[in-house]
Each structure stands twice: as structure tokens, then as C-alpha cells.
Amino acid sequence: MLFDSHAHYNDKRFDDDRDAVLSSMRENNVGRILNSCSSLAEVGDILAICEKYPFVYASVGIHPHEVAGLTDADMDALIKYAAYPKVKAIGEIGLDYYYDFSPRAEQKEWFARQAQIASELKMPVIIHDRDAHGDCMDILRTVDVSGVFHCYSGSKEMAREILDKGMYIAFGGSLTFKKAARPIEAASYVPLDRILIETDCPYLTPEPHRGKRNSSLYIHYVAEKLAQIKGLTVEEIERATYENAEKCFGITE
Ligand code: NI
């Protein structure tokens, strides 16, 4: 079975067929899904999905795109939501200097605040880092926290530091794209016991379906590509990444 460690089933692009898609996971070899959160406004919808589908877990957190204007009261709400039993991580949090939808100073402030909360709650983080590798690592060096870098796009050297910190690294659809030299280099470098796989659906659809809406039903393409890169069987990739995700998110049931 496959563990999709990063999905967004609360997204409106699933409004027409969310139940049909999620109900078909078991028969398509998808065993667990972590639904990642981007803003506090999404938490209600995400927890409703988790309640309906026992195999779906959640994170809570505020994406760098959404951090402008956050308040201390929002952090109190985050801490309250983090206590829900199916909430397994704080995320996605981090920095996005590609789009710069929020001022960088605020991105840094609220990333650091949320990472600190995760550290205090002893919960893993899900990191979103786009074109902000240096500042992202600078902030992470100041907090004692575990977790995963989602849709990893950094270098081998940065991967080394993430691994030394005890964190996991997740690869998704971009591993299958034509211009994938950098993620492939990182994926061949990271040891198998520290790798997670993900879709980030409805985004980042893997080849050969690029352009269509993504879902966890396509995660096997990521597993197959990783098997090819590592010179292992798909079954070995499945087993390892499933166990790694359970460990990363502390899922024991
Ligand atoms: Ni995401």
C-alpha cells in the first residue's frame, strides 16, 4: 500500500467527486493520506474529511502565501486545532520567495512562530520552501523540530543538513517531469529510510498525466520513478515510504 504524505482534498477542485475519489483509494492500493492545511479557514473542511475517512490524517498550519496579517489569536487557534487526535503535524509552513504573496518579513516571522509551536507541542512540521532555501534553513537551525520537507527542490548539500537534523524529505510529481535533474539528484542521494512520497494533489500531476487534476490515484507514478532511480522494486519503495511516513507523523494505530 502507498502513503500519500501530502494532499489537499479540501480543495474546491474535488467538490464534484471528492467522495468518489476518496472511496476508491483502498481498491487502488492507497492506504493512508495526510491532508495538508494552508490556512485556518480550511481546518473545518479538513477535519470533516478526516472524520469521514479513517485513513485520512491532517496537519494544521498556515502556508507562507496566507500569513499576512496573522495575529496571536490565530496562534492560539492553531494550538487548539493541533490537539485534535487526527492532526499529526504542523504545516504546511515555510517560505515562498517565488510568488512572494506575503511580505518576506512576515513570512519569516510566522514560519518561525509556527515552527516554535510545533517544537513545544513535540509535533513534526511540514515545510514548504520555494526559492528560499537559505532563510528556511536559518530559521530551522533555531528550533528543535522534526518533520518533512515537502516537494523537495533543494540541493544535495542542503539535503545533508536536513538529514542531520533527523528530518525526512518528500518527493512528488516533479520527479517525473522532463526537467527533473535536480530532484532526481537529491532523490538518489537521500537514503531510502528518510524518503516520503506525495502528490500535493490537486497540483503537480506526474507524467504521463501532467496537465490533468492530480489525485492520490497517481502516486504510484512517483513510487515507480523512485524505484527506477534507486534501482529497487516498487514494492520495496512502497513498504519503506509507508513506514517512513508513519514514523514521521507518529501514526501508530
Ligand atoms: Ni501543499
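# A tour of the model, starting at the nickel ion

Select H6 and D200 to begin: both are buried. The model is a predicted one, so treat each stop as a feature of a prediction.

**Stop 1: the nickel ion**

Now show the nickel ion. Which residues coordinate the nickel ion? They are H6 and H8, each through NE2, E92 through OE, and D200 through OD, at 2.1 to 2.4 Å. Along the sequence these donor residues follow the spacing H-x1-H-x83-E-x107-D. H6 and D200 link distant parts of the chain: H6 is in strand 1 (residues 2–7), while D200 is in the loop between strand 8 (195–197) and helix 8 (219–230), 194 residues apart. The angles among the four donor atoms run from 82 to 170 degrees, and the site is irregular. For four donors, tetrahedral would require all angles to lie between 85 and 135 degrees.

**Stop 2: the loop that holds D200**

Stay on D200. Its relative accessible area is 9%, so D200 counts as buried. Check its backbone too: D200 has a positive phi of about 60 degrees, although it is not a glycine. Most residues other than glycine have a negative phi, and most peptide bonds are trans.

Next select C201 and P202, which are joined by a cis peptide bond with omega of about 15 degrees. P202 is in the loop between strand 8 and helix 8. Then select E207 and P208: a cis peptide bond joins them as well, with omega of about 10 degrees. P208 lies in the loop between strand 8 and helix 8.

**Stop 3: F3 and its surroundings**

Go to F3, which is in strand 1. Is F3 buried or exposed? F3 is buried, because its relative accessible area is 0%. Leaving aside neighbours within four places in sequence, the residues in contact with F3 include R32, I33, L34, Y242, E246 and F249. For a distance to display, pick the C-alpha atoms of F3 and H220: they are separated by 9.9 Å, though these residues are 217 apart along the chain.

**Stop 4: salt bridges**

The structure holds ten salt bridges. Side chains of opposite charge can pair when their charged atoms come close.

Two of the contacts of F3, R32 and E246, are a good pair to select now. Their side chains meet in a salt bridge, 3.0 Å from N to O. R32 lies in strand 2 (residues 30–35) and E246 in helix 9 (residues 234–249), so the pair ties together parts that are 214 residues apart in sequence. R32 counts as buried, at 12% relative accessibility.

Then select R141 and E161, which form a salt bridge whose closest N and O atoms are 2.6 Å apart. R141 lies in the loop between helix 5 (133–140) and strand 6 (147–149) and E161 in helix 6 (residues 156–164), so this pair ties together parts that are 20 residues apart in sequence. R141 is partly exposed, with a relative accessible area of 49%. E161 is partly exposed too, at 28%. Add D138 to the selection: D138, R141 and E161 are linked in a network of salt bridges.

**Stop 5: a patch on the surface**

Finish with Y98, Y99 and F101, which form a nonpolar patch on the surface, with about 360 Å² of accessible area together. Y98 is in the loop between strand 4 (87–96) and helix 4 (104–121), and at 46% relative accessibility Y98 counts as partly exposed. D100 is in the loop between strand 4 and helix 4. D100 is not a glycine, yet has a positive phi of about 50 degrees.

How values were computed. Residues numbered from 1 in each chain as written. Predicted model: local features only at pLDDT ≥ 70, side-chain atom pairs only at ≥ 80, totals over all residues. Heavy atoms only, no water. Patch = residues over 30% accessible without salt bridge, like charges linked within 9 Å, V, L, I, M, F, W, Y side chains within 5 Å. Areas by Shrake-Rupley, 256 points an atom, 1.4 Å probe, with all protein chains shown as cover. Salt bridge = Lys/Arg side-chain N within 4 Å of Asp/Glu carboxyl O. Helix = DSSP H or I, 4+ residues; strand = E, 2+ residues; numbered from the N terminus. Buried < 20%, exposed > 50% of the residue type's maximum accessible area, 1.4 Å probe, protein only. Donors = N, O, S within 2.8 Å, 3.2 Å for Na, K, Ca; no water. Tetrahedral: all angles 85-135°; square planar, octahedral: opposite > 155°, others 65-115°. Contact = heavy atoms within 4.5 Å.
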